[in-house]
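Thanks, everyone; I would like to take a few minutes to walk through the pockets, the ring contacts and the core of one model. Please have the view open while I talk.

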Amino acid sequence: MSYSWDKRVEFIVGHMYDLDNNGFLDNNDFQCMALRATVIEGKGTINPARLNEYRTIMKALWDEISALADFDKDGKITTDEFKQAVRTTCLGKPYADFPKAMKAFIDAHYQMMDINNDGLVSIEEYRYNCITRIALDDIKQVDDSYNNLVSDEDNKKGGITLQRYQELYAQFMGNESDKCPAIYLYGPIPE
């Protein structure tokens with residue numbers, strides 16, 4: 001597994017944002033994310049009000065990301081453009097200094113991960129989140145990632161809180177080191 005900063009950002013683009021798998025990001029990907037988030041959060045049920053909230057969040061995120069990363073203004077963001085934008089807006093910065101729409105996305109993603117809405121992401125919820133994005137034949141890889149991610153304090157609480165998730169996400173995107181626990185935020189990153 002490779003956990004370099006480049007690979008982590010490529011993972012975000014390829015496994016979390018580029019839902020239609022066409023090799024670049026565009027507005028369609030973000031509208032698909034809105035629907036996916038609604039279905040996952042509703043455990044198969046569609047709440048029209050929540051779908052509209054997610055559409056608003058994802059539209060704002062797309063607008064913000066495209067303003068920061070669509071350097072040639074073609075309505076598409078390549079992985080290289082995305083990396084350059086993340087380097088400029090996130091590298092070395094705490095969560096509080098991230099762009100507003102990105103923070104809304106991060107918080108919304110946490111809500112999707114916290115399946116039982118108890119304010120903690122447990123190992124079971126982490127497993128579910130990981131397995132929906134990557135093909136694995138052994139859950140031990142996911143469990144090892146979770147165990148490397150969580151701190152003693154997280155374990156005492158029974159999982160990862162929203163505040164801790166925000167901190168970990170900021171480190172995942174904003175820390176070039178491949179030695180911090182945050183590199184495991186989304187499980188094992190395939191080569």
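Let me begin with the largest pocket, which has a volume of about 250 Å³, where a pocket is, on a 1 Å grid over the protein atoms alone, an open set of points with protein on both sides within 12 Å along at least five of seven lines, and lining residues have an atom within 4 Å of a point. Grid points are joined across faces, edges and corners, and a volume is the space filled by probe spheres set on the points. This is a predicted model, in which local features need pLDDT of at least 70 and side-chain atom pairs count only at pLDDT 80 or more, while totals for chains, interfaces and linings use all residues. Residues are numbered from 1 along each chain as its sequence is written, and side-chain values use heavy atoms, with hydrogens and water left out.

Of the 18 residues that line the largest pocket, R36, I40, H109, M112 and N129 are the closest to its centre. At least two lining residues come from each of α1, α2 (27–41), α3, α5 (100–113) and α6 (123–131), with helices taken as DSSP runs of H or I, at least four residues, and strands as runs of E, at least two, numbered from the N terminus. The largest share of that lining, five residues, belongs to α5. By class, the lining has twelve nonpolar, four polar and two charged residues, where Ala, Val, Leu, Ile, Met, Phe, Trp, Tyr, Cys and Pro count as nonpolar, Asp, Glu, Lys and Arg as charged, and the others, Gly among them, as polar.

What, then, is the volume of the largest cavity? The largest cavity has a volume of about 70 Å³, a cavity being a set of points where a 1.4 Å probe fits but cannot get out, and the count comes to one cavity of 30 Å³ or more. Among the residues lining the largest cavity are L61, E64, F82 and M102, and the elements that give two or more residues to this lining are α3 (48–69) and α4.

F82 brings me to the rings, which form eleven aromatic pairs in the structure; rings of Phe, Tyr and Trp (its six-membered ring) pair if their centres lie within 6.5 Å, and planes under 30 degrees apart count as stacked, over 60 as edge-to-face and the rest as tilted. The rings of Y17 and F82 have their centres 5.6 Å apart and their planes at 85°, so this pair is edge-to-face. This pair links distant parts of the chain, with Y17 in helix α1 (residues 5–17) and F82 in helix α4 (residues 79–89), 65 residues apart. Y17 counts as buried at 0% relative accessibility, and F82 does at 1%, where buried means under 20% relative accessible area, exposed over 50% and partly exposed in between (1.4 Å probe, protein chains only). Ring pairs also link Y17, F30, W62, F82 and F105 into a cluster.

Finally, the largest nonpolar core has 58 residues, of which Y17, F82, Y169 and M173 touch the most other members; such a core is a set of buried Ala, Val, Leu, Ile, Met, Phe, Trp, Tyr and Cys residues joined through side-chain atoms within 4.5 Å. The largest share of this core, eight residues, comes from α5.
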